[in-house]
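Ever wondered where labels like "buried" or "stacked" come from? Let's go through some of them one at a time.

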Amino acid sequence: MTGATNMTGADIRNGALAKAATLIEALPWLERFHGQIVVLKYGGNAMTDSELRRAFAQDVVFLHYAGLRPVVVHGGGPQINAQLDRLGMQSTFRAGLRVTTPETMDVVRMVLTGQVNREVVGLINEHGPFAVGMSGEDAHLLTARRMHAEVDGELIDIGEVGEVEAVNPGAVRALLLDGRIPVISSVARSVGGGVLNVNADTAAAAVAIELAAAKLVLLTDVAGLYPNWSGKDAASAMQARPISQLTADELASMLPGLSDGMIPKMGACLSAVRGGVPQAHVLDGRLPHAILLEIFTDAGIGTMVVPNAGEANVSN
């Protein structure tokens, strides 16, 4: 009995020491990013699994209490797909982007702003009066122009889909100054009138650039960017390890050979870094608390994109 008691006490002490070591490991990163804006793109399976949803909300609130200023930009692909299926409407993609008819746009707008945005805000606000939901349409936050997708060198009309060309961050800055957490749905006003569906990854990058964010973090359904893998051979991906870090030029050279699903994500990282954001990350949103592991541990996870040598401070 005595031995069992001593072992239990040792286990408790070892566990406490491990927790203390983790907290101390976070100290340099707490100092570095205190008061800094971090833009988080939220999407993929992290939005559909109840435990992962709660973990994401906890991470965002932790960042807030730790002195960082998180801004959430979200998509809602799984929820949009589910609603389109319920309505019997076909959903197709070209070059990783959803082909959006006017009828589909009505569904996208309803799901993103009326459903997903409210759910994210509600989860964060279970911890306090922090999150404020808004659409990219609100206060002309995001203005976009219609774009075409390039498939095999040919431009394809993909409907009511836009590319962000202007960000008006006044409302977001006001919320941050008030100690709030902006939660932004990825729809935008159109230059020509109306509303456009914008890719959440590229929208998050545009917001991060305009806010001079310290980091852009994209949550996705893979562990990072894999070398020499197009996404078509799942077996090779199982044996591969994601690239830990690469420069903007290295990513630019790889971009044309990436799978359709990764092109918008890695293109967003490239755009952000070239636009002045010091670091852009792709993390596996299926891993609980991936955001905290990336920001507050020495090892980090996922793939980090940094400026080219000599262009900026790329240390992490």
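Q: Why does F130 count as buried or exposed, whichever it is?
A: This is a predicted model, so everything here is computed from it. F130 has 9% relative accessibility, and buried means under 20%. So F130 counts as buried.

Q: And what makes Y65 buried or exposed?
A: Its relative accessibility is 59%, and exposed means over 50%. So Y65 counts as exposed.

Q: What kind of aromatic pair do Y65 and F130 form, and how do you know?
A: Their ring centres are 5.5 Å apart, and the limit for a pair is within 6.5 Å. The planes stand at 90°, and over 60 degrees counts as edge-to-face. So Y65 and F130 are an edge-to-face pair. Y65 sits in helix α2 and F130 in the loop between α4 and β5, so the pair ties together parts that are 65 residues apart in sequence.

Q: How many aromatic pairs turn up in the whole structure?
A: The search finds three aromatic pairs.

Q: Why is the pair of Y42 and F56 called stacked, edge-to-face or tilted?
A: Check the planes: they are at 0°, and under 30 degrees counts as stacked. The centres are 3.8 Å apart, and within 6.5 Å is what a pair needs. So this pair is stacked. Y42 belongs to strand β1 and F56 to helix α2, so parts 14 residues apart in sequence are tied together. Both Y42 and F56 are buried.

Q: What makes D201 and K41 a salt bridge?
A: The closest N and O atoms of D201 and K41 are 3.3 Å apart, and the cut-off is within 4 Å. So the pair passes. D201 lies in helix α6 and K41 in strand β1, so this salt bridge ties together parts 160 residues apart in sequence. Both D201 and K41 are buried.

Q: Which residues are linked in a network of salt bridges?
A: K41 and D201 are linked with K265 in a network of salt bridges. The whole structure has eleven salt bridges.

Q: How do you know that R145 and E165 meet in a salt bridge?
A: Their N to O distance is 3.6 Å, and the limit is within 4 Å. So R145 and E165 count as a salt bridge. R145 lies in strand β6 and E165 in strand β7, so parts 20 residues apart in sequence are tied together. R145 also forms a salt bridge with E163, at 3.2 Å between the closest N and O atoms.

Q: Why are R145, E163 and E165 given an in-between label?
A: Partly exposed covers what falls between under 20% (buried) and over 50% (exposed). R145 has 40% relative accessibility, so R145 counts as partly exposed. E163 has 37%, so E163 is partly exposed too. E165, with 47%, is also partly exposed.

Q: What makes β6 and β7 a pair of strands?
A: Strands pair if there are at least two bridges between them, and β6 and β7 have nine, in the antiparallel sense. So the two strands pair. One of the matches is H148 with D157 in β7. The two strands form a hairpin with two residues between them.

Q: How do you know that β6 and β9 pair?
A: Two bridges join β6 to β9, and at least two are needed. So β6 and β9 pair, and they run parallel. A144 stands opposite S190 in β9.

Key: Residues are numbered from 1 along each chain as its sequence is written. This is a predicted model: local features need pLDDT of at least 70, side-chain atom pairs count only at pLDDT 80 or more; totals for chains, interfaces and linings use all residues. Side-chain values use heavy atoms; hydrogens and water are left out. Helices (H or I, at least four residues) and strands (E, at least two) are DSSP runs, numbered from the N terminus. A salt bridge is a side-chain nitrogen of Lys or Arg within 4 Å of a carboxyl oxygen of Asp or Glu. Buried means under 20% relative accessible area, exposed over 50%, partly exposed in between (1.4 Å probe, protein chains only). Rings of Phe, Tyr and Trp (its six-membered ring) pair if their centres lie within 6.5 Å; planes under 30 degrees apart count as stacked, over 60 as edge-to-face and the rest as tilted.
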